[in-house]
Amino acid sequence: MFDTTYDDCWLQYEPVDDADLAAYRERLSHAYVSEGAPELGAVRAELQLGLEGMLGDEPHFWQHPPRSVENFLVIGHPEEMRPIHQTIDPDEVWALEDDSYVIRTVEWEGQECTVITAPNDAGLVYGTFDLLRRVALGEPIDDLDIVSEPANNSRIINHWDNPFRRSVERGYAGQSIFDWERLPDTRQRYFDYARLLSSVGINGVVPNNVNTGIPDRPTANDAVAERAGWQLLERENLEKLESLASVFRRYGIQIYLSVNYAAPIRLGDLETADPHDPEVQQWWQDKVDEIYEIIPDFGGFLVKADSEGQPGPYDYDRSHAEGANVLGEAFEGHSGRVWWRAFVYSEHDDRAVQAYEAFEHIDGEFHEKVTVQIKNGPIDFQQREPVSTLFGAMPETDLGCELQITGEYTGQGVHPTYHVPMWKEALEFDTYADGEGTPVKDVLAERDGQGIAGVGIVGEDPSWTGNYLLQSNLYGFGRLCWNPDLETEDITDEWVRQTFGHDDGVVDAVSEILHDSWQACIDYHTGGIGLMHMMYNGEEALENHYDPAPWEWPEYIGATEDGIGVDRTSEGSGYAAQYRDPITERYDDVESCPKELLLFFHHLEWDHELEDGRTVVQTLYDNCHAGVNAVREMRATWESLEGIVDDRRYRHVAQRFDEHVFQAERWCETLCVYFYEKSEIPDAHGRVPTSE
Ligand code: GCU
């Protein structure tokens, strides 16, 4: 099992039910696994660990197909091993996308084999984890016929970890797990992290923050303070990076890097980073070639440019396409590519409008090695946002979707806010990019250079994620990237059973908590009808984003004496007009605008009546309180598990819940007082303090 200082998450590999043991043992006690690539080492190691835990014994590995047993497991490429190629058409397998796999029960020379085969080595690892998951979930494996292809070609974690300093921007689970001081020495934790990611189908990791200039803050240790993320492009650090890559590679995962747009100046001593300058172009080309000499399967670059103080092509009066293409060209002939973030502000007063303004007009101008990575919503990972207009607006560009696994605005490492239903909503959203029926998930799955990136959540904390229940977001992220058609409830059920076991009471209770958590989070953080961005920013170098402070953000809330909300219709800031019809129409009209987004698109009078007869302000009061009540119920549900869930995890989560209830009450009270002071309309139920 894992090192005892941190949790096994969903790879607990607890003993299976006695009633199922014989059936699993019959099929999994003997294995014949190819020896080719490093990935096969990971396959064997995982089988040993998983089957020993679940079946009591590791499998017996054979050099040749064993004749003395009736059933065995075979893992390898389609043409490589007779039990496979004589029973499965290799062309069927080679035709699959990379990372796919086939798991099939076949008859071979009078014996029954469970075959795992795949078009590439990584697929064998993903297939092995799939089989182990079935056992952990207690599913039958005696007649399998599974062909699984990932919907998204790239399924990447974006760490916002500051190397050297080992802090994590928007990380709520302790220090960064990546220890650049010690690399190239590796740690067991890298292997275990790679196992967790691979088990849910992730195939890329960016280990450093998009803000490559950090540390910007002084620290007691100047040697550390002087070193920042952009320096990872130095040769010495690239060699360390290869060491990380060698761990992740075994699990089918490629390593990427966040890079600084001014690297030709900072590292290359050039006078400019202008993308039109031939020396700059050559510098990037040489750097990328150098990386591939060291890391032959390097995944590519992630770039935050012209955003929140980061340098970029605007510094030279160039567009983002011109800026990105110089990097894209450097990847010609190499396997990787450039992920160029669309998180860019512009002059427009309404931030929602800005990314589209910067990117839509350059659709079709990006190099084929560039993917434009768009946050799910137009603001910034709020509790609920409408889907970014850019997904429907750039048909000629490879697009990636950026989701946030860490809970910057959803209660950080404390509130167990489950993001899977939020992501589902975004991925299912119909963009009408190619007429009705073009949901975001299809836009992303359409081409090879596309996919989904998630802002990482793990740190050195024993729970990995700051709150044991938040492991569900990492699990769900990977599962959804692989297959966005999965239902939220199925993902939850898988995660809970593998993490906490099959006790019905536990499964029901934990599932209920997770399923109620997102709506509760929206309600007490926003009042539930489209407001957002009401958090405390503060003077801290890294803004707090946790406590309530609606007064800090008048332009996001639009609260006046007469009403609240921001007019983002076609007549207002124009954000709604960036969608394709009929979405624009739907949001423009207050009658058809979905209630949950009403105040995002409309400024409405405080006493404007909603469909159910309640006024806007009363609805805000009621929802804030409903959110708090829901959190109290979630806590009570968790408390019903005392003595049933192991003590360590029970206590940790219970303490998080105490803070969660406190914080939800605080948000509710702060927002309600704010709404009252602005509207001067008291709560019909007398819950809002009305005296100063
Ligand atoms: C948010 C977040 C920052 C982050 C930025 C980004 O603004 O608060 O910490 O750097 O998003 O996505 O680049």
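**Exercise 1. Decide whether Ile 362 is buried or exposed, and place it in the fold.**

Solution.
Step 1. Ile 362 has a relative accessibility of 3%. Buried means under 20%, so Ile 362 counts as buried.
Step 2. The structure is a predicted model.
Step 3. Locate the residue. Ile 362 sits in the loop that runs between helix H12 (351–359) and strand S14 (370–375).
Step 4. List its partners. With neighbours within four places in sequence set aside, Ile 362 contacts Ser 319, His 320 and Ala 321.
Step 5. Compare sequence and space. Thr 397 is 35 residues from Ile 362 in sequence, and the C-alpha atoms are 9.1 Å apart.

**Exercise 2. Describe the surroundings of the ligand: which residues come nearest, and which polar side-chain atoms lie by its oxygen atoms?**

Solution.
Step 1. Start with the shell. There are 13 residues around the ligand, and Glu 169, Lys 304, Arg 341, Lys 375 and Glu 408 come nearest.
Step 2. Sort the shell by type. Eight residues are charged, three are nonpolar and two are polar.
Step 3. Take the distances to ligand oxygen atoms. For an N or O atom in the side chain of Lys 304, the distance is 2.6 Å. For a polar side-chain atom of Arg 341, it is 2.7 Å. For a polar side-chain atom of Asn 211, it is 2.9 Å.
Step 4. Check the cover. On its own the ligand has 320 Å² of accessible area, and the protein covers 96% of it.

**Exercise 3. Find the largest nonpolar core and say which helix gives the most to it.**

Solution.
Step 1. The largest nonpolar core holds 210 residues. Phe 248, Trp 284, Phe 301, Phe 359, Trp 638 and Phe 675 have the most contacts inside it.
Step 2. Helix H22 (residues 647–679) is the top contributor to this core, giving 13 residues.
Step 3. Look at one of the central names. Beyond four places in sequence, Trp 284 touches residues including Leu 233, Tyr 261, Pro 264, Phe 301 and Val 326.
Step 4. Another core lies apart from this one; it has 14 residues, including Val 69, Val 74, Met 81 and Val 93.

**Exercise 4. Two residues, His 30 and Arg 568, each make a side-chain polar contact; identify the partners and the settings.**

Solution.
Step 1. His 30 belongs to strand S1 (residues 30–33). Its relative accessibility is 19%, so His 30 counts as buried.
Step 2. The partner of His 30 is Trp 62, side chain to side chain, at 3.0 Å.
Step 3. Leaving aside neighbours within four places, the contacts of His 30 include His 60, Val 69 and Phe 72.
Step 4. Arg 568 lies in the loop between strand S17 (563–564) and helix H19 (583–588). Arg 568 is buried, with a relative accessible area of 3%.
Step 5. The side chain of Arg 568 makes its polar contact with the side chain of Asp 350, at 3.0 Å. Among the other contacts of Arg 568 beyond four places are Ile 379, Tyr 575 and Phe 601.

**Exercise 5. Work out how many residues of helix H13 are buried, and what they pack against.**

Solution.
Step 1. Helix H13 (residues 420–428) has nine residues, and seven are buried. The helix is mostly covered.
Step 2. Name the buried residues: Val 420, Pro 421, Met 422, Trp 423, Lys 424, Ala 426 and Leu 427.
Step 3. Find what they pack against. Two strands appear: S15 (398–404) and S16 (451–455). The helices are H14 (440–445), H15 (471–482), H16 (488–500) and H17 (504–526).

Definitions and conventions. Residues are numbered from 1 along each chain as its sequence is written. This is a predicted model: local features need pLDDT of at least 70, side-chain atom pairs count only at pLDDT 80 or more; totals for chains, interfaces and linings use all residues. Side-chain values use heavy atoms; hydrogens and water are left out. A residue is near a molecule or strand if one of its heavy atoms lies within 4 Å of it. A polar contact is a pair of N or O atoms within 3.5 Å; within protein, one must be able to donate a hydrogen and the other to accept it, and residues adjacent in sequence count only if both atoms are side-chain atoms. Accessible areas come from the Shrake-Rupley method with a 1.4 Å probe; for residues, only the protein chains shown count as cover. Ala, Val, Leu, Ile, Met, Phe, Trp, Tyr, Cys and Pro count as nonpolar, Asp, Glu, Lys and Arg as charged, and the others, Gly among them, as polar. A nonpolar core is a set of buried Ala, Val, Leu, Ile, Met, Phe, Trp, Tyr and Cys residues joined through side-chain atoms within 4.5 Å. Buried means under 20% relative accessible area, exposed over 50%, partly exposed in between (1.4 Å probe, protein chains only). Helices (H or I, at least four residues) and strands (E, at least two) are DSSP runs, numbered from the N terminus. Contact means heavy atoms within 4.5 Å.
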